[in-house]
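Here is a short, friendly tour of a few residues and strands. Have the sequence and the structure open as you read.

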Amino acid sequence: MGKQLVINDVTLRDGMHAISHQYSKVQIAELTRLLDDSGVDIIEATHGDGLGGSSIQYGFSKETEDDIIRTAVENAKNAKVGVLLLPGVGTIEHLENAHQLGAQVVRVATHCTEADVSEQHIKAGVRLGLDTVGFLMMSHRTSPENLLEEAKKMESYGAQTIYVVDSAGALTMDDVRSRVSLFKQHLSTKIGFHAHNNLSLGVANSIVAIQEGVDRIDASLAGMGAGAGNAALEQLVAVMNRMGISHNVDLYKVMDAAENVMKPMMVRPVQIDRLSLMLGYTGVYSSFLLFAERAGKEYGVDARDILVKIAEMNAVGGQEDWIIGVAQDLAKEKQIKRGIEI
């Protein structure tokens with residue numbers, strides 16, 4: 001609790017999901033300057049789905065990948081700029097390009113049971129001299145013991161930090177404690193935690209992770225992120241200040257940035273509503289929210305039913321296209337039921 005906690009801000013990466021990846025260069029520059037001035041240590045800046053994510057599958061970003069990274073690098077005077085890479089979406093060539101543009105941190109993200117696909121990408125990050133992080137998404141989908149075994153793979157590839165990632169906002173405080181404590185006991189790397197707020201536990205889970213010894217915590221201005229958002233930076237900082245947890249962030253500056261700049265940019269309020277709550281309840285990937293909401297409206301079905309079916313199918317990030325098929329099936333069932341009733 002006495003060590004200096006590293007704050008990794010994800011407003012410009014996870015926050016992309018909440019606006020369908022439509023940040024402009026002007027907005028990226030402004031947010032980077034505000035975050036940098038507030039004292040955050042790392043500012044992550046890519047498409048919501050990482051390097052190479054701007055596509056018909058995940059949605060095209062307003063700005064090019066190069067412009068997103070370059071704009072963040074040019075406006076970050078103190079903080080490191082980081083990028084996310086999902087093997088199969090992003091490539092080593094994407095990573096080398098990001099490095100050339102000035103990125104200093106890479107987080108290589110895999111599903112919680114598929115760490116083996118990260119080997120060449122983690123090794124590439126280390127070779128490039130980047131602060132290289134293993135990022136185990138959807139960590140609620142496997143046991144703490146199995147998650148540790150996957151983390152050990154990332155450790156063996158050279159990752160310097162490994163994250164427990166609550167992509168669906170489905171972990172409870174005990175779930176976080178059991179995973180982080182095992183990492184702390186058995187890994188020689190640094191440890192991080194990434195929260196989502198779908199069950200209203202984003203800040204609470206982050207604090208539990210800090211109490212269990214993590215070195216890095218993710219947060220975003222006003223919680224800007226997929227689903228009900230991430231742990232809100234200004235809320236987390238306020239709690240950490242009350243608890244005497246050491247960090248570099250200025251509370252007033254992030255409060256003002258969240259209230260005056262971030263919230264007016266939100267197209268859909270980042271909040272716990274029935275649909276984002278359903279993500280946490282069913283354990284569905286947070287970035288599925290807007291896809292399910294749109295499909296529900298298009299096919300005249302309850303988006304919550306879509307998420308229940310998607311959860312039953314054990315869908316993971318990258319399978320957003322399943323949502324349309326599920327919505328179509330639910331619409332057909334609805335028509336058949338109406339026909340029987342008539």
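Helices of at least four residues and strands of at least two are DSSP runs, numbered from the N terminus. This is a predicted model. With that in hand, we can place R107: this residue belongs to strand β4, which covers residues 105–111.

**Two buried residues**

R107 has a relative accessibility of 1% and therefore counts as buried, since buried means under 20% relative accessible area. Beyond its neighbours within four places in sequence, R107 is in contact with N8, V10, R13, E44, V83, L84, L85, V133, F135, Y163, H194 and D218.

Where does S220 sit? Look in the loop between β8 (216–219) and α9 (233–243). Is S220 buried or exposed? S220 is buried, as its relative accessible area is 0%. Setting aside residues up to four places away in sequence, S220 touches D9, V10 and T11, and also N230, A231, A232, L233 and E234. V10 is thus a name to look for twice, as a contact of S220 and as a contact of R107.

**Strand β1 and its partners**

Strand β1 (residues 6–9) runs parallel to β8, and 4 bridges join the two. β1 also pairs with strand β2 (residues 42–44), again in the parallel sense, over 2 bridges. One bridge from each pairing is set out below.

| Residue | Bridge partner | Strand of the partner |
|---|---|---|
| I7 | I217 | β8 |
| N8 | I42 | β2 |

N8, bridged to I42 in β2, is also among the contacts of R107.

How values were computed:
Residues are numbered from 1 along each chain as its sequence is written. This is a predicted model: local features need pLDDT of at least 70, side-chain atom pairs count only at pLDDT 80 or more; totals for chains, interfaces and linings use all residues. Side-chain values use heavy atoms; hydrogens and water are left out. Buried means under 20% relative accessible area, exposed over 50%, partly exposed in between (1.4 Å probe, protein chains only). Contact means heavy atoms within 4.5 Å. Two strands pair if DSSP finds at least two bridges between them.
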